[in-house]
Amino acid sequence: MKFKVLFKLTLLIMILTLMVTPGEAQDKSLNIAIPGRAQTLDPAYLQRVLSDWPVMNSIFNGLVKYKAETFEVVPDLAEEWKISDSGKEIIFKLKEGIRFHKNYGELTAEDVKFSFERIISEKANSPEAQSFFSLESVEIIDKYNFKLILNRPMGRLFTATLPFNAGLIVSKRAVEEMGKDSFASNPVGTGPYVFSSWDVNNNITLIKNEKYFDNSAEFEEIKFMPMTDPTSQELALQSGEIDIGQLTLDNYDKISKMEKFDAKIYPDLAIQYIAFNTSKEPLNNKKLTKALQYIINPEEILIAAFAGKAEKAYSILLPEMIGYWKAPLHRLEDVGEEYVWNLLKEAGYPEGSGLELKYITDANEERRLIAALIQDQLSRFNIKLNIEALEVGPKIDLWQSGTYDLTYARFTNTIDPGYNFQWNLSEQIGKWNLFHWSNQEYDKLWQDSETTLSEETRSKNYKKMQQLMAEDSIGIWVSHGVKTPAWKSDLKPVFSPDGVIMPWLIKK
Amino acid sequence: MLIYLIKRLIWIIPTVLTVLLILFSLSYLLPGEPAEIILGPRATSEMAAELNSRLGLDKPWYQGYLTYLKNIFKGDFGRSIFRDRLVFDVIIEVIPHTIILTLVGMGMAIFNGVLIGLLAANYNNSFFEKFLTLLSYITASTPTYIAGVLLIFLFSVKFNLIPSIGAGDGSFISTAHHLIGPAIALSTGWTGYIARLTRSSMLETLELDFIETEKSFGIPRYYIIYKYALKKAIKPIVAVIGLGVGRLLGGAVFVEVIFNRPGLGRLIVDSVHERDLPVVRGGVLVAAILFVFANLAADISYAYFDPRIKQK
């Protein structure tokens, strides 16, 4: 009979634990789901920068920052700066009286020098070293003034390096006292929230910085919870365990209509595109690639693969970025089928006959679907598409050797157009130039934009580069993809133009 | 018994060595250039070279394998590519969560499974037995990930009774509370299996002669069942526990991902996605060792119940 007693006892314990309501639902902290586990909290060693960005920018500040909901750069720790005529020396003045967290003292020019020079130092082996590629040194003038010395003007300095992760300022004293490894899990910055803990669930807890120099933070505590599975994020949002998370495209309509939640669709910073291999037969034929631009209809891809939620992309860049140029749309309805049949004929493929193309793509459900759609669209013009769905490794091998006619790719971007455009340079053929396209003028314009701080010149050059790509009909921009943040409707969250949460600006 | 034990322990060595060889060859079997796949376009050639040397790809394969073996036996699992931490530390941190989850899940499966099986055997051929059989078929054929999502939807979203994410803050109540959903989800499949096994084994036992003898002595029915029949009928169940722990370790991967719990399975899945090869190697090795020891424990306990095994 011991059995029965044991059974009753277990049942009792189970019921008792059930009566404790979920702890997370009640505490006063703001819980934000992030797509992946943070890898390190040391800005000099971030590998996957985008998912860590909301956490890092809550703890640290840079000299400059992006203004809320734009990519416009405004002062943050710096009060003002002056660029020399040569563009190789920039004198910054820091705001006075800014204090590091946990009594690590006042922010001075020493900390800035330390933060930047530890990234460019050779033995640091920092993945961010490239962001500062032309920085020679930082020269201290006095406590609040310092000079960045560059070996040549650096285009991306203000658009991407300084306002992004590489430009975040750490406390010199904290890194030296703790050592690099310990600092990576006990970061000390000047930001609106102070690092509190990083637990075994990989949750990162921050508390309010009472002495913050700018608008003070609204929440006593913020918790970042890494949740890789989107369905789990949805369920946790509904059970009240997280306050801000992402929705899946399948359930977006259902949940965003609920009274308790608000949601918005943002474009991602990435670019998804169809690339034509223009280096070999048959797609080295501009007439033919032009015909393909009309035949392949990205709108159908958007409906099938993104549930009609994603917008069509017209550029590698988002419209908010410097140098955005809207590529012309090629719509079959506008020109009529006859026009395309003629293009095919002029290209040497009357009635499309005998044309077989090789298409390589990733071996996942979504990409296979896209491939099947394109196959169907091409078949209407008697063009046969042979699809090869591959794992990443072999796919990259084929990309680099150029053994394909068409491919579908997704490249993650940054806010700096120079970074995003570099993959289509001639020197990238055999690496990441999927068009296998070479254009001397494009290369030169890119190089010129890298070495100027003039926004006007850069903008003009980038527009021209996009026109060059469009003239040669080298591919089709499909979409930037989507981010689908959702939040409890009593919150007022603020996002960047690409839908990344800015936790320090959230109001109740 | 001692000789049997030693024999079994010696067999562990070739098993683990084989696992190590397979894990090591991962970086050679993966098509493509590992540094390029892992680091992507951001990689400079210095970063790629450093990664290759960390993965042992800059040496001929046998040298790389020997170095890898030497390091493993020194307890050095290498350094994670993306975490900037030792693989060993990362694994040690999450492994208690997986062990607790697996043990509690196994405990629930045995407890509920044996209970359902006994009831079904006791009320054989009744309507109640039909119901229990149906129940065990349903649980046995529900995949862990479906059970997990259903549990979250029902008990977290609808009734708000159990938390759907994490492993709690470390206190006993919180840990237990966070374990309910995952452990039930994990145990469902195995519960049905054990219930069916218990029922058939029990029915077989109840027809044996010694039970008839005991009945004729006038010993009460429940006493016969619990005292004599159960001890014999439970042997096949003990034998499958080792197998079950292995299966549950596999199921824990789904549960850990769905409930966002820290654990070995989740660690391996995340690392596969990130292509953090040193962590994948270390995690799979530890999982394999756990599996080997679970099987060993099952064999030993089986030998305890069946003395004939000891003599072989």
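Begin with chain B of this predicted model. Among its contacts between residues at least 6 apart in sequence, 71% join residues at least 24 apart. Colour the chain by secondary structure: 14 helices and 0 strands appear. The C-alpha trace of chain B spans about 85 × 55 × 35 Å along its principal axes, and 38% of its 312 residues count as buried.

**Stop 1: two helices of chain B**

Select residues 87–122 of chain B, which form helix H5, together with residues 172–206, which form helix H8. The two helices pack at an angle of about 35 degrees, and their axes lie 5 Å apart. The crossing of H5(B) over H8(B) is right-handed. If the residues in this contact are coloured by class, 23 are nonpolar, 7 polar and 2 charged.

Next, centre the view on Ile194(B). Apart from neighbours within four places in sequence, Ile194(B) is in contact with Ala109(B), Ile110(B), Gly113(B), Val114(B), Gly117(B) and Ile237(B). Which residues touch the most other members of the largest nonpolar core? They are Ile194(B) and Ile32(A), in a core of 196 residues. H5(B) gives the most to this core, with 14 residues.

Then move to the loop between H5 and helix H6 (127–140) of chain B, and select Asn125(B). Its phi is positive, about 70 degrees, although Asn125(B) is not a glycine. Is Asn125(B) buried or exposed? Asn125(B) is exposed, with 7 other C-beta atoms within 10 Å.

**Stop 2: where the chains meet**

Show both chains and select the residues at their contact: chain A contributes 40 residues and chain B contributes 38 residues. On the side of chain A that touches chain B, the elements giving two or more residues are helix H1 (2–19), helix H7 (230–238) and helix H14 (392–401) of chain A. By class, that side of chain A has 18 nonpolar, 16 polar and 6 charged residues.

**Stop 3: the four-stranded sheet of chain A**

Hide chain B and select the open sheet of 4 strands, whose order is E4-E5-E7-E6 (chain A) and whose pairing is antiparallel. E4 and strand E6 (135–140) of chain A stand at the edges with a single partner strand each, so one side of each has no neighbour in the sheet. From one strand to the next, the twist averages 20 degrees.

Follow the pairing across the sheet, starting with strand E4 (residues 78–83) and strand E5 (residues 89–94) of chain A, which are antiparallel over 5 bridges. Ala78(A) stands opposite Leu94(A) in E5(A). The hairpin of these strands has 5 residues between them, and there Gly87(A) takes a positive phi near 75 degrees. Continuing to strand E7 (residues 145–150) of chain A, one finds 5 bridges joining this strand to E5(A), again in the antiparallel sense. Here Ile91(A) has Lys147(A) in E7(A) as its bridge partner.

Add helix H3 (residues 109–120) of chain A, which lies across E5, E6 and E7 of chain A and runs at about 165 degrees to E6(A). In the loop between E5 and H3 of chain A, select Lys102(A). The phi of Lys102(A) is near 55 degrees, a positive value in a residue other than glycine. Lys102(A) is partly exposed, with 13 other C-beta atoms within 10 Å. Most residues other than glycine have a negative phi.

**Stop 4: the five-stranded sheet and helix H9**

Select the open sheet of 5 strands in chain A, in the order E16-E15-E17-E14-E18, with mixed pairing. Its edge strands are E16 (384–390) and E18 (475–479) of chain A, each pairing on one side only. The twist averages 25 degrees from one strand to the next. Within the sheet, strand E15 (residues 356–362) and strand E17 (residues 406–411) of chain A run parallel and are joined by 2 bridges. The bridge partner of Tyr359(A) in E17(A) is Leu406(A).

From E14, follow the loop that leads to H9 of chain A and select Pro282(A). The peptide bond from Glu281(A) to Pro282(A) is cis, with omega near -10 degrees.

Finish on helix H9 (residues 286–295) of chain A, which is mostly covered, with 7 of its 10 residues buried. Among the buried residues are Leu288(A), Leu292(A) and Ile295(A). To see what covers them, display the elements that include strand E14 (271–276), helix H11 (332–335), helix H12 (337–346), helix H13 (365–379) and E18 of chain A.

Note on methods
Residues are numbered from 1 along each chain as its sequence is written. Chains are lettered from A and ligands numbered from 1 in the order in which they are written. This is a predicted model: local features need pLDDT of at least 70, side-chain atom pairs count only at pLDDT 80 or more; totals for chains, interfaces and linings use all residues. Two strands pair if DSSP finds at least two bridges between them. Axes are lines fitted to C-alpha atoms, for helices over the stretch in contact, and angles run from 0 to 180 degrees between N-to-C directions. A residue is buried if 20 or more other C-beta atoms lie within 10 Å of its own, exposed if 12 or fewer, and partly exposed in between; C-beta atoms are placed from the backbone. Two residues are in contact if their C-beta atoms, placed from the backbone, lie within 7 Å. Ala, Val, Leu, Ile, Met, Phe, Trp, Tyr, Cys and Pro count as nonpolar, Asp, Glu, Lys and Arg as charged, and the others, Gly among them, as polar. A crossing is left-handed if the near helix is turned anticlockwise from the far one by less than a right angle, and right-handed if clockwise. A nonpolar core is a set of buried Ala, Val, Leu, Ile, Met, Phe, Trp, Tyr and Cys residues joined through C-beta atoms within 7 Å.
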